[in-house]
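Thank you all for making time this morning. I would like to walk through one structure with you, beginning with its pockets, moving on to the sheet and the core, and ending with a few backbone details.

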Amino acid sequence: MQEKIEALQNEVLAAIEAASNPADLEEVRVAYLSRNGKVPALLAGMKDVSKEDRPVIGKRINELKTAVDSAFEARKEALEDAAGDEDHDPTLPGRMPRHGTLHPVLALRDRCIDIFRRLGYALAEGPDIDTEWHNFDALNTPADHPARNEQDTFYLDESQLNELEPDIGIETSYGRRLLRTHTSTVQIRTMLKNKPPVRIIAPGRCYRRDEIDATHLMSFTQCEGLAVDEGISLADMKGTLEFFFKELLGPDIVIRFRPHFFPFTEPSFEFDISRPGQTIKGKQWLELGGCGMVDPEVLTAVGIDPEKYTGWAFGFGLERLPLVLHAIPDIRTFVENDVRFLQQLG
C-alpha cells in the first residue's frame, strides 16, 4: 500500500508540474482530486488495510493529500500570475486616483467659520450631551415650553450615564441631561467662562425628536453666532448678517428681517433670503433662521450685567441651505452616504 501511495504521489506531482495553462491544470484536478479521481479511490482502499497498519498508512495518505494540495495551489497561483503578466500592457495610460472631498454640509460649515473669522469671531465648541439648565433654563425657556417635552427632546437615562460621568464632564447640579436641541448651549458655556467682549461662531450637531421625512432629520447641523459687548445694537446684527450672507451666497443676495418671538432674544426676528429674479421652490423668499438681541434675562443668568452689556445672536440649519440652493428634493440624501450624490456637490 505504501508503494502505491508513493507512486501515486510522484504521478500527481509530475502531472501538476507539467500543466502549462489553467485548462490543463483543471484536467489534472478532475483526474486525480475530484470525487471519482485517483486520490479518493486510494482512500477507499483503506478498508482493506489491516488494523495494525492503518495508523501508518493513514498518516502517509494525509502526507500525500497535503503535498498534492500545496503543489496544486502553488501551480495555480503561478499560472494566474503568468496570465496576468501577459494581459498587462505597460504602454496603456495609468488610472488617476480618485480624490475625496468634504461632505457638502461640512464644506458649508467651514465656509461659515472662515467668513466669521475674518470678522474677528472665534470658533467655540461644546458637548453634544448637555443639561436642562444650559439648554433651556439659562436661555429663559419657561418650564411649560413645548420644546422641553420628552416628545420633542432626547433625555438620557441617568442610571446609564453615572458610570460615564468622569468622561462626560457635565455638572450634575444642572438638571437632567439630554442631547442638545441647539448649539445655544455653547453660547451659555462661553459666556460663563469669558467676560465681554465675546464674539463667537458655534456650529455643531443638534438632536430633536422630529419625524424623519423629506425635510426633517432627528440629527442636523446648526450654525449659531453670538456677539456681546458694550453698545451693541440691532444695526450691528443687521450689518453683520447681511455681510455674512452676501459673502456666503453672493453679492446679489437680499436678506430681510421679520418680527418673531424667541424666549432667549428680545426683540426677536426671523430672517429670509432672496435672489432677485429667482424663485426657490416657487417662492421669492426662503425662511432661513432666527436672530435677535440677547434677552437681559439670559445675560443675568450667566453673570453678565445687562445694564452695561448688550448682545445679539443668530442661528440656522446648515442642511437647509444646500437643500434649497441645489434643488435637492430630499434632505435624507445628506446622510445616506451615496458617493455619487456627494461627488456632485463636493
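**Pockets, sheet and core**

The largest pocket has a volume of about 1200 Å³, and please keep in mind throughout that what you are looking at is a predicted model. Of the 44 residues that line this pocket, those closest to its centre are Thr181, Arg208, Phe220, Gln222 and Phe262. The elements that contribute two or more residues to the lining are helix 9 (184-193), strand 5, strand 6 (254-262), strand 7, strand 8, strand 9 and helix 12. Which of them gives the most to the lining of the largest pocket? That is strand 8, with 6 residues. For those of you who think in terms of chemical character, the lining of the largest pocket divides into 19 nonpolar, 16 polar and 9 charged residues.

The second largest pocket has a volume of about 280 Å³, and 19 residues line it, of which Val105, Leu106, Arg109, Arg205 and Thr221 are the closest to its centre. Here the elements that give two or more residues to the lining are helix 5 and strand 4, and helix 5 gives the most, with 4 residues. By class, the lining of the second largest pocket has 9 nonpolar, 5 polar and 5 charged residues.

Let me turn to the sheet. It is an open sheet of 7 strands, in the order 1-4-5-9-8-7-6, with mixed pairing. Strand 1 (122-123) and strand 6 stand at its edges, and each has a single partner strand, so one side of each is left without a neighbour in the sheet. Strand 1 runs parallel to strand 4 and is joined to it by 2 bridges, with leucine 123 having isoleucine 201 in strand 4 as its bridge partner.

Moving inward along that order, strand 4 (residues 198-207) and strand 5 run antiparallel and are joined by 10 bridges, and one of the pairs to look at is alanine 202 with glutamate 224 in strand 5. Strand 5 is in turn joined to strand 9 by 8 bridges, again in the antiparallel sense. Glutamate 224 stands opposite glycine 315 in strand 9, while cysteine 223 has phenylalanine 316 of strand 9 as its bridge partner. On from there, strand 8 and strand 9 pair in the antiparallel sense over 5 bridges, and glycine 289 stands opposite phenylalanine 316.

How many residues of strand 5 are buried? The count is 10 of the 11, so strand 5 is largely enclosed by the rest of the structure. Strand 9 is likewise mostly covered, with 7 of its 8 residues buried.

That brings me to the core. The largest nonpolar core has 37 residues, and those that touch the most other members are Cys112, Phe245, Leu248, Trp312 and Phe316. Several elements supply at least two residues each, among them helix 5 (104-118), strand 5 (219-229), strand 9 (310-317) and helix 13 (339-345). The largest share, 6 residues, comes from helix 10. If you select tryptophan 312 and leave aside its neighbours within four places in sequence, you will find it in contact with residues including Tyr121, Leu226, Ile232, Met237, Leu241 and Met293.

Finally, some backbone details that I would check before setting up any calculation. Most residues other than glycine have a negative phi, and most peptide bonds are trans. A cis peptide bond joins proline 196 and proline 197, with omega at about 5°, and proline 197 sits in the loop between helix 9 and strand 4. Another cis peptide bond joins glutamate 266 and proline 267, with omega at about 0°, and proline 267 is found in strand 7.

Asparagine 140 has a positive phi of about 65°; it lies in the loop between helix 6 (132-135) and helix 7 (158-161), and at 31% relative accessibility it counts as partly exposed. Asparagine 337 has a positive phi of about 60° and is placed in the loop between helix 12 and helix 13. Is asparagine 337 buried or exposed? Asparagine 337 has a relative accessible area of 56%, above the 50% cut-off, and is therefore exposed.

Methods:
Residues numbered from 1 in each chain as written. Predicted model: local features only at pLDDT ≥ 70, side-chain atom pairs only at ≥ 80, totals over all residues. Heavy atoms only, no water. Core = buried A, V, L, I, M, F, W, Y, C linked by side-chain atoms within 4.5 Å. Buried < 20%, exposed > 50% of the residue type's maximum accessible area, 1.4 Å probe, protein only. Contact = heavy atoms within 4.5 Å. Pairing = 2+ DSSP bridges. 1 Å grid on protein atoms, 1.4 Å probe; cavity = no way out; pocket = protein on both sides within 12 Å on 5 of 7 lines; lining within 4 Å. Points joined across faces, edges and corners; volume = space filled by probe spheres on them. Nonpolar A, V, L, I, M, F, W, Y, C, P; charged D, E, K, R; others polar.
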